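User: Hi! I'm in my first year and I'm learning how to read protein models. Could you take a close look at one part of this one with me?

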Amino acid sequence: MKLRVRGISGDALLRKFLPRGLFARSLLIVLVPLVLLQAVALQIFYGSHLDELSRRLAGAVAGEVSFMIDQIDRSPTTRTQIIDETDEHFAFTTTYLRYQTLRHLPPPDAPGPVDDDLAHELHEDLHRPFNVAWNTAPAFIRINVQMPGGVLRVDVPRKRLYIGTFYIFLVWLISTSLILFGIAALFLRTQVRGISRLAAAAEAFGMGRDQGPIKPEGAIEVRRAATAFNRMQDRVRRFLAQRTTMLAGVSHDLRTPLTRLRLALAMLPETPAGEIRDMVADINEMETLIAIYLSFARGEGSEQAIASDIAALLEDVAAAARRAGAAIICDIPGPLMATIRPEALRRAIANLLDNARRHASQIWLSAAFGPRHLRIIIDDNGPGIPLAQRETLFRPFESADPGGTGLGLAIARDIIGAHGGDIMLLDRPGGGLRVTIELPA
Ligand SMILES: Nc1ncnc2c1ncn2[C@@H]1O[C@H](COP(=O)(O)OP(=O)(O)OP(=O)(O)O)[C@@H](O)[C@H]1O
Ligand SMILES: [Mg+2]
């Protein structure tokens, strides 16, 4: 059943008041039922025993009072002596008020269950008129009994009738809860630490920060997750290294035969149609490509993430693009510190600015921290890219330009992805393309 309070569902309400951390939640899950259970058990146990106990205490006091009265009845002449002796034995304070009579008869109603018990027991034991003053003094209860020649006034210490149960109950509840809390916290901390380490490591790895394997600790499932994460991290790392090595190797090895080709072509006489010249141009293009692959492989393979000022980096890339002929307006209130791989990010931005420069006459570059991301926006006033083509053009070697390699966007997405970020192609509000990059802050 779903509980709804003013439009908020019960689940949402619970979520609002439940602590968010795993540690606090598990502690609550352990402690709340335990404390509740204890409270109920103690209530049942003490509740029943308390009744019995108070009845017996009241019975004892009533018995002692009636014993004293019996003694006095038997030998009225030694009354003073009997009173002294019983007072000493039972911790009473007794006075005999000669020639007096009781005014309030029958005894007034008893205020509480303990007092009720006493009134009842006195009634059973005394067989003569009496009354009880419950509130004469905080330390004792006054019992007045009508004797043949006066009133016997017995002050019974309250302590003889009441037990400090509530106090014991509270101390017991609080101290056991504290001990439970300590033990639970001790055990849970290790469990939760394992999980939060795993979460932090996965987060860092997703952002392209390699922090090495994590130490498996805690419960078996948490350990298993940590071990699995380590293995996965290892495989991804190996895969990346393999890919880069292969790219570098292929590019490098292609250079030698290409150089041989170029040399061989240089020996040949030019044909009338200029085929040799075209071939040399092709070889030049291939060498440029190889240079791009090599620099890509080199950059991605070895660069470490460091804390850098992205504002300065962007201004730098923009300045380089301006030298290549781009008109760029920058809106970058710096500094914007983030942990990134500066060379890789530089290449990604340079690729995007290069694209924009080729398709548009004006470029706007801006960057700022959002609530959760560092957002970089590259706007241009070119023709933009139709929605249907955007995903395709992100793929390697997909180009709509005659001279393009089709690697610019692919490399940019690779680099941003390795930072744990996102790159999106959107429409610029005033026409043209908007490239939005979000890096985790
Ligand atoms: N700002 C832009 N405006 C219009 N079209 C663009 C823009 N940026 C990219 N494109 C289109 O996307 C295609 C892919 O771009 P990408 O950078 O991946 O490759 P390229 O520029 O053709 O080649 P390379 O960057 O490898 O030299 C481009 O060919 C171009 O048609
Ligand atoms: Mg390009």
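Which strands does helix α8 (residues 310-323) lie across, and at about what angle does α8 run to β8? Please walk me through the surroundings of this helix too.

Analyst: Happy to! Keep in mind as we go that this is a predicted model.

Let's start with your helix. Helix α8, residues 310-323, lies across four strands: β8, β10, β11 (373-380) and β13 (433-440). Relative to β8, α8 runs at about 170°.

Now let's look at the sheet underneath that description. It is an open sheet of five strands, and reading across it you meet them in the order β8-β10-β11-β13-β12. The pairing in this sheet is mixed. A bit of background helps here: strands of a sheet pair through backbone hydrogen bonds, and they can do so either parallel or antiparallel. At the edges stand β8 (328-331) and β12 (422-427). Each of these two has a single partner strand, so one side of each is left without a neighbour in the sheet. From one strand to the next, the twist averages 15°.

Zoom in on the β8 edge for a moment. Here β8 pairs with strand β10, residues 363-369, in the parallel sense, and four bridges join the two. If you want a spot to click on, try C330, which stands opposite L365 in β10.

A second helix also packs on this sheet: α9, residues 342-359, touches β8, β10, β11, β12 and β13. The direction of α9 makes about 25° with that of β11.

So how do the two helices meet? The axes of α8 and α9 come within 10 Å and cross at roughly 40°. That angle makes α8 oblique to α9. The crossing, as α8 passes α9, is right-handed. On the α8 side, the contact is made by I310, L313, L314, D316, V317, A318 and A321. On the α9 side, the residues are P342, L345, R346, I349, A350, L353 and R357. Sorted by class, the contact of α8 with α9 has 11 nonpolar residues, three charged ones and no polar ones.

Helix α9 has another helix to meet as well: α11, residues 408-418. The axes of α9 and α11 come within 9 Å and cross at roughly 145°. This time the crossing is left-handed. From α9, the residues A344, L345, R347, A348, N351, L352 and N355 take part, and they meet G408, L409, I411, A412, I415 and I416 in α11. By class, the contact of α9 with α11 divides into nine nonpolar, three polar and one charged. Notice that L345 of α9 turns up in the contact with α8 and again in the contact with α11.

Where does this part sit in the chain? The domain assignment gives domain 1 (48-160), domain 2 (204-302) and domain 3 (304-440), and the numbers for α8 (residues 310-323) let you place your helix in domain 3 (304-440). Between the centres of domain 1 and domain 3, taken over C-alpha atoms, there are 97 Å.

For practice, you could look at another sheet in the model. Four strands form an open sheet in the order β3-β6-β5-β4, and there the pairing is antiparallel. Its edge strands are β3 (93-98) and β4 (130-133), each pairing on one side only. The twist in this sheet averages 20° from one strand to the next. Inside the sheet, eight bridges join β5 (residues 140-147) to β6 (residues 150-157), and M147 has G150 in β6 as its bridge partner. A helix packs here too: α3 touches β3 and β6, and the direction of α3 makes about 155° with that of β3.

To finish where you began: find α8 in the viewer, trace it across β8, β10, β11 and β13, and then look for α9, which packs on the sheet.

Definitions and conventions:
Residues numbered from 1 in each chain as written. Chains lettered and ligands numbered in written order. Predicted model: local features only at pLDDT ≥ 70, side-chain atom pairs only at ≥ 80, totals over all residues. Heavy atoms only, no water. Domains from an automatic or database assignment. Pairing = 2+ DSSP bridges. Axes fitted to C-alpha atoms, helices over the stretch in contact; angles between N-to-C directions. Contact = heavy atoms within 4.5 Å. Parallel < 35°, antiparallel > 145°, perpendicular 65-115°, else oblique. Left-handed = near helix turned anticlockwise from the far one by under 90°. Nonpolar A, V, L, I, M, F, W, Y, C, P; charged D, E, K, R; others polar.
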